[in-house]
Amino acid sequence: MSGNIQLLSDALAAAQAEDRSALIAYLPAGFPTVDGGIEAAKAVFDGGADIVEIGLPHSDPVLDGPVIQTADDIALRGGVKIADVLRTVREAHAATGKPVLVMTYWNPVDRYGVERFAAELAEAGGAGCILPDLPVQESATWREHAAKHGLATVFVVAPSSKDARLAEITAAGSGFVYAASLMGVTGTRASVGAEAQDLVRRTKATTGLPVCVGLGVSNAEQAAEVARFADGVIVGSAFVKRLLAADGDLAAGLAGVRALAGELAEGVRKRS
């Protein structure tokens, strides 16, 4: 079965046709529970997200700040497995018909088996993988299997990336390019900063792929700011905060993430 890279490309193109950025939401699988995480993914789609990234919880999430680390810890203590991540992708996609990716560090994929992971992600209806710690020069095996199964390979670029390195990364990627708005880890911040706009400009000079910005966006005003220069706005920690703030009340948490998605969806439509 082929994965949904085309659905991902279509979603990004549809947003562009509406003269807006796409809203991309991140949620870790297994948080607050496996079933609760599936419902949260559906809720952010209901609120207006175009694309959802499902995080594969990791014991050492080097790119993630304290909010997502807390959620990952809850998921891991709850016994979340790769099968649960794939189930989350399957059910979120089946319920909405929208593109769902997995964001994961490389070690779990490598241990699970590259071919097996790619095949099962495609079978679940996944659109691809975001791999923040997989060096491009070591990615050939993954990219081969991803292409075979119709999956996008999304790499992360950072403000520190030199132009030649950007060109190398974007040439190897597919689906879109994930531009980290600043150096550091995920989390909500008071402002996104000018570094993100410069990084998007430099990245776009190397590729025709959409360039989507993450790290630091937490409200509609910031989403609107980033939407002026990015093809997609990626939000994660702010959604996780809403679920954490619900303190075990799943209905309240789902209402919170649905409402936030609605606010952010309005923000990405105010790019001009």
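Helices (H or I, at least four residues) and strands (E, at least two) are DSSP runs, numbered from the N terminus. Residues are numbered from 1 along each chain as its sequence is written, and side-chain values use heavy atoms, with hydrogens and water left out. The model is predicted, so that local features need pLDDT of at least 70 and side-chain atom pairs count only at pLDDT 80 or more, while totals for chains, interfaces and linings use all residues.

**Exercise 1. Confidence**

Task: Find the mean pLDDT of the chain, and state over which residues the pLDDT is below 50.

Solution: Begin with the term itself, since pLDDT is the predictor's confidence in each residue, from 0 to 100. The mean pLDDT of the chain is 92, and 93% of its residues reach 70 or more. The stretch below 50 covers residues 183-190, which in the model has 30 contacts beyond near neighbours in sequence, a contact meaning heavy atoms within 4.5 Å.

**Exercise 2. The sheet**

Task: Work out the order of the strands in the open sheet, and identify the edge strands.

Solution: Take pairing as the criterion: two strands pair if DSSP finds at least two bridges between them. On this basis nine strands form an open sheet in the order 5-4-3-2-1-9-8-7-6, with parallel pairing. Strand 5 (152-154) and strand 6 (156-157) are the edge strands, as each pairs on one side only.

Next, follow the pairing from strand 1 onward. Strand 1 (residues 22-28) runs parallel to strand 2 (residues 51-55) and is joined to it by five bridges, with V52 of strand 2 as the bridge partner of A25. Strand 2 in turn pairs with strand 3 in the parallel sense over four bridges, and here I54 stands opposite V102 of strand 3. Three bridges then connect strand 3 with strand 4 (residues 128-130), again in the parallel sense, where C129 of strand 4 is the bridge partner of V102.

**Exercise 3. The two faces of strand 3**

Task: Decide which residues of strand 3 lie on each side, and whether they are buried or exposed.

Solution: In a regular strand the side chains alternate between the two faces of the sheet. In strand 3 (residues 100-103), V100 and V102 are on one side and L101 and M103 on the other, and all are buried, so both faces are covered. The term buried means under 20% relative accessible area, exposed means over 50%, and partly exposed lies in between (1.4 Å probe, protein chains only).

**Exercise 4. Two helix residues**

Task: For D84 and T170, name the helix of each and the residues with which each is in contact.

Solution: D84 is found in helix 4, and it counts as buried because its relative accessible area is 19%. Leaving aside neighbours within four places in sequence, D84 is in contact with V34 and G79. G37 is 47 residues from D84 in sequence, and the two are 9.9 Å apart in space, C-alpha to C-alpha.

T170 belongs to helix 8 (residues 163-172), and it counts as buried because its relative accessibility is 5%. Not counting residues up to four places away in sequence, T170 touches V177, T203, T206, T207 and L209.

**Exercise 5. Backbone exceptions in loops**

Task: Locate D19, D247 and P32, and describe the backbone feature of each.

Solution: Most residues other than glycine have a negative phi, and most peptide bonds are trans. D19, in the loop between helix 1 and strand 1, has a positive phi near 55 degrees; it counts as exposed because its relative accessibility is 52%. D247 has a positive phi of about 50 degrees and lies in the loop between helix 11 (237-245) and helix 12 (250-268); D247 is exposed because its relative accessibility is 71%. The peptide bond from F31 to P32 is cis, with omega near 0 degrees, and P32 is placed in the loop between strand 1 and helix 2 (34-47).

**Exercise 6. Lining of the largest pocket**

Task: Determine which helix gives the most to the lining of the largest pocket.

Solution: Helix 4 (82-96) and helix 5 (106-112) each supply at least two residues of this lining. Helix 5 gives the most, with three residues.
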